[in-house]
There are 4 protein chains.
Amino acid sequence: MVRLLSALVLLAALNFGTPGVSVAQSSSDADGRVVEIEVPAPALVGNLLGTSDIQDAAVYLPPSYESELDRRYPVIYLLHGIFDDYGVWLKIEEVAARLDRLIAAEAIPEVLVVMPNAGNKYGGGYYRNSSISGKWADYITDDLVDHVDAKFRTIASEESRAVVGHSMGGYGALHLAISHPGVYSVVWAMSPCCLAATDDFGFGNDAWKRAASVESQEDIENLLANQDFFAVAVLGIMSAFSTEVGEPPVYADFPFDMVRGEVVLDEAAYDQYLDSLPIRQVRAARDDLRNLRGLGIGVGLSDQFLHIPPGTIAFSQRLGSERIPHLLDVYDGDHRQEVGDRLETLILPWVGARLTLAD
Amino acid sequence: MVRLLSALVLLAALNFGTPGVSVAQSSSDADGRVVEIEVPAPALVGNLLGTSDIQDAAVYLPPSYESELDRRYPVIYLLHGIFDDYGVWLKIEEVAARLDRLIAAEAIPEVLVVMPNAGNKYGGGYYRNSSISGKWADYITDDLVDHVDAKFRTIASEESRAVVGHSMGGYGALHLAISHPGVYSVVWAMSPCCLAATDDFGFGNDAWKRAASVESQEDIENLLANQDFFAVAVLGIMSAFSTEVGEPPVYADFPFDMVRGEVVLDEAAYDQYLDSLPIRQVRAARDDLRNLRGLGIGVGLSDQFLHIPPGTIAFSQRLGSERIPHLLDVYDGDHRQEVGDRLETLILPWVGARLTLAD
Amino acid sequence: MVRLLSALVLLAALNFGTPGVSVAQSSSDADGRVVEIEVPAPALVGNLLGTSDIQDAAVYLPPSYESELDRRYPVIYLLHGIFDDYGVWLKIEEVAARLDRLIAAEAIPEVLVVMPNAGNKYGGGYYRNSSISGKWADYITDDLVDHVDAKFRTIASEESRAVVGHSMGGYGALHLAISHPGVYSVVWAMSPCCLAATDDFGFGNDAWKRAASVESQEDIENLLANQDFFAVAVLGIMSAFSTEVGEPPVYADFPFDMVRGEVVLDEAAYDQYLDSLPIRQVRAARDDLRNLRGLGIGVGLSDQFLHIPPGTIAFSQRLGSERIPHLLDVYDGDHRQEVGDRLETLILPWVGARLTLAD
Amino acid sequence: MVRLLSALVLLAALNFGTPGVSVAQSSSDADGRVVEIEVPAPALVGNLLGTSDIQDAAVYLPPSYESELDRRYPVIYLLHGIFDDYGVWLKIEEVAARLDRLIAAEAIPEVLVVMPNAGNKYGGGYYRNSSISGKWADYITDDLVDHVDAKFRTIASEESRAVVGHSMGGYGALHLAISHPGVYSVVWAMSPCCLAATDDFGFGNDAWKRAASVESQEDIENLLANQDFFAVAVLGIMSAFSTEVGEPPVYADFPFDMVRGEVVLDEAAYDQYLDSLPIRQVRAARDDLRNLRGLGIGVGLSDQFLHIPPGTIAFSQRLGSERIPHLLDVYDGDHRQEVGDRLETLILPWVGARLTLAD
């Protein structure tokens, strides 16, 4: 948590330069470059959290992109985690340099890599469609994909499109595979949050109570001022998962009531909430998940978010019981420290090998 | 939690009268009566928490006890939960009146029911042997059993002795069956805490961090003054489960370090801690558990302590995978509200039917 | 298996007397009596196995039934297992004598107990609606219940009606609770078969291959002549579970093909088959299962049918994960030897205590 | 099964040439070559099945082996499945050509690959130490490793040694990692048999009964003559897993008795047998398994041996619950058809990347 908040502060202090201009200076012709773009987001219009309907993204263009002007490329989308933005991929995980190395070693074909921003005032919209936080799933799968396919020389087909995400973005990758099948043919979730309601993602975490006790805008400001990260994240989760729109300023509809400081479940709402988590959706989505060319999930055993290791392993087991092919990568490491290395040594080559290179 | 603390305050205000004197006035000759006793507790000598080595207990004597002076009786021990004492059985769960009714209806044979106190300044010693909080397991299975068998006309054999507990006491009943086999032949755990390290009994619960941050006696006093029940309970848990004795005033050895506000696991200590939980001990104890005449566990699905339903159900599954007979009772209800009714309609008759009535 | 077949032969040799005439001679006025009835079964008309549309049943009438002519009674239905008929309840499990004892001891209220026959040439129709083996679920829940409520002084409401079954009948009790909610309010499954496709109920059992290799009437006759019990049972299972009607004489549609002696799964049909098993239906049925007044399942750890212990325990776990109250009874014993004792000491009293006694 | 037996017949008809002579003709200097060797097997002396104490093996020598005479190489051991021998690796899976391609593409470092024979008259000794079938674990980890390290220019250390196996050999790789830690640092099990006693590896498989009914040498000959593959395999399993030596000609000690054609478990022996399966040994072996540089398991969802997919997935879950890093690869495919492709595209590169290349 502390580390994530530090990363947030760090990222806020970075100056990414003008959108559309290369931010990663090529050290040689053999390197790709990164451009920033602004993407219209009609799917976010009308959200109740004040999130802009124009969103930034970064795009890695491979080495040959500027010289082979008739060539089209497969695309990998990278989805960031809560309180992150695309800077995490570029500055912390050094994705551009890793791609350069992999392409030079022919360990991955030349690909475009698109890194959208997907944050809001509560840390993010969980890549879900919500009446409160906006239709982030539609933004990513429709608005952004169409924009990228129009603006860049991509191979605009499912067989040449992958999605990889970390934490909230790992959840997002799986959620989009389930809720929006037919867009991506390869999916990888790194340290995915929110797959099952256990441990610190269950109501045993007092943050749920603190978030559920919010009644005014002032209460929200206090949580932010106190850097009560987890309680703010709960507001984001509930904004993204609520099916009903409640009263301002919170709008979100919690699946329980607070009675004298205790959680008292609303059984029907709780059922509905649990059913919206990926581990409960595997069976209904099994044909779509089986049709993927690649489905991978990975987790570090020392993840600071305690629900992520058991949630990931339980998700793999559920996939197995529904006879869905997948790769599970369980490794030593925490929520973040192995992300860049894992991308370079396992995930990006594995994803790249499954993408169709020509129309 | 709030309810438990209220119960604590309520109980503290009760005056149980002079030990050894009947506290429940018989309404008729057909009713039993309750006496209070003081029990020497050599097993607690030398504990580091200042817990007395003389402990109180209440004993229900069945209706015929005073008239059939040659008769001997089987014994059921009832183990209370954290921050409770035997008053919870007598005042809240009305155990004496329930026993009177069951005996009158011949739904249970005449039995003695022994209700020991097992509290300390952190809420309790978890019925475990500890260099910090004292050898509570030895106190219950040796000192108390010997004292009761000497003082009352019991059938002093395993076949005529049962143990039933609630919450910390439910954990205790299972722990004693595993760690001290051969004392009780029938065991029932109601809403047992602490079987598996999940949900609010995992380190995702911030109370672990608050407890682990305690450095001085003043910090402890502050937790108590703030009624930070869960953090105090963690001090009790760690006092009971630590295998090493650390520095005063806490003494307990946490299986993790706090690094900049985050939990960083000590892998070896964490393994050892996890292995000390009952769900990990089923296999080694399977012969003893199979030899029981009765083993039951029950839980309400709306338990406020979120680890207790999944922990209980997972424990049942583990028992099954080790081929250990048992009864699992999963019901609507919370941590406490069904306890008295469950005792009367299911548990006490089920336990009573499995006890040998004669030497 | 051998034991079951022996029981079958034994039962075939018994003469149950004229339907409608008491078969159990009352030893005193305090005992109930058993009558046999013929029940029209329009739900079975058109089945392809030649099963009669008139079915026998036995009915236990409690002691006061003949003397208290205005009194109405709750009803418990007992569903037998494969290759059994109601004789198993009366002759082997001695249900009438057990009911007499329980009623005399006031351990159960006075109840009617209805024991239908539900066999066919393959051992039984699994209490399912099938285009091949007939609509057994409708027969039991509609034809039979209506017939009993019309002919006897029952309390004709869900709150006063329970269903208990053994083996195929244990499966049946759960299946009817799931597929025909609102008929019974208390359900108990003893040693239920067919909950999950594992062990000897999975395709690893060569009986599936032998059954799937049947092509002619002569092949069927050979299986019967060879007392290949399990292969015949598979024909019964496939007749009951097939959603498509295939070619005579087998009609059943297996979810796999035999290719050079090996099972080759038909993925879509296999999915559909797996989804028709109770363990996959808990989630969709959870509201109905939660509305029950009592749901119990039990199993002996040494069951000869190896899928029954793990299937039962896994079913309990699934119930727990869907927050459905239930009682799980895991005991020493095999498929049959504890059935009568379990009925008397646990199940019938537990069921009886949950039935409404008056309109 | 049919396919495996066919492979057996096929392999028996092949002529592998003189031991010690290259069997794979290099098509160019860039290719490696395969030599066959005879290995003394003192660990097999005294086995009761007549298995020779001299065993054959094949060794792949990488392209530079003959020209860089001071260079030492890491070693990968490949363990074959039941009724196979090293021909399966060379003729069916074309391992030499795959290694040539991988080395040429620098997808794997230059390595020696050792393919021992490990069969006996029942199909194999399961790479276990047994008083009946011989000390195969010691043969592989001691005799063979020492022989290879003496005869070839290997890097003779754990960090430069891996073991990969298929089916019985997949079981073997995991068993050796558990029973003989410190020999291999990277382990991969492909479609491993025998991890857990479920489905066709449980006693629901009639082959157990057929094997347990063997009383004479003639009975054994009949099983072989009838190509009753699974019953013969059970004799091999029981020979390898028995801790006691029984009567000839079977010697093996089954954990159950046959009573009137039914399996009646010997509880203590059954416990001991179950405890000898890898899924029960993960906890005791966790420190050794955590110390591995790589641990991978994979399975095809359409494996003909029905216990292998659920056993493999359950093993992964058990690894996860003990916090042991590993990779799980669940794919479309059956017991054998994907083995070669999986080796080339995933397993050999993954293993190679984890081996130390220099002393």
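**Chain A and a look at Ile313**

In this predicted model, chain A is built from 12 helices and 12 strands. Its radius of gyration is 20 Å, close to the 21 Å that the globule rule gives for 359 residues, so chain A is as compact as a globular protein of that length. Taken along the principal axes, the box filled by its C-alpha atoms runs to roughly 65 × 45 × 35 Å.

Turning to how the chain is packed, 63% of the 359 residues in chain A count as buried. Contacts also reach across the sequence: of those between residues at least 6 apart, 74% link residues at least 24 apart. What remains open on the outside adds up to an accessible surface of about 12,600 Å² for chain A, with carbon and sulfur atoms supplying 48% of that area. As for charge, chain A carries 26 positive and 51 negative charges, and the mean positions of the two sets lie 5 Å apart.

For a closer view, take A:I313, which sits in helix 11, the stretch covering residues 308-321 of chain A. The relative accessible area of A:I313 is 9%, and because the cut-off for buried is under 20%, this residue counts as buried. Setting aside neighbours within four places in sequence, A:I313 touches A:V330 in its own chain, along with D:Q317 and D:G320 from chain D. A:L195 gives a sense of how sequence and space can part ways: this residue is 118 residues from A:I313 in sequence, yet the two C-alpha atoms are 10.0 Å apart in space.

Conventions:
Residues are numbered from 1 along each chain as its sequence is written. Chains are lettered from A and ligands numbered from 1 in the order in which they are written. This is a predicted model: local features need pLDDT of at least 70, side-chain atom pairs count only at pLDDT 80 or more; totals for chains, interfaces and linings use all residues. Side-chain values use heavy atoms; hydrogens and water are left out. Helices (H or I, at least four residues) and strands (E, at least two) are DSSP runs, numbered from the N terminus. The radius of gyration is taken over C-alpha atoms; the globule rule is 2.2 Å times the number of residues to the power 0.38. Buried means under 20% relative accessible area, exposed over 50%, partly exposed in between (1.4 Å probe, protein chains only). Contact means heavy atoms within 4.5 Å. Accessible areas come from the Shrake-Rupley method with a 1.4 Å probe; for residues, only the protein chains shown count as cover. Lys and Arg count as positive and Asp and Glu as negative; His and the chain ends are not counted. The place of a charge is taken as NZ of Lys, CZ of Arg, CG of Asp or CD of Glu.
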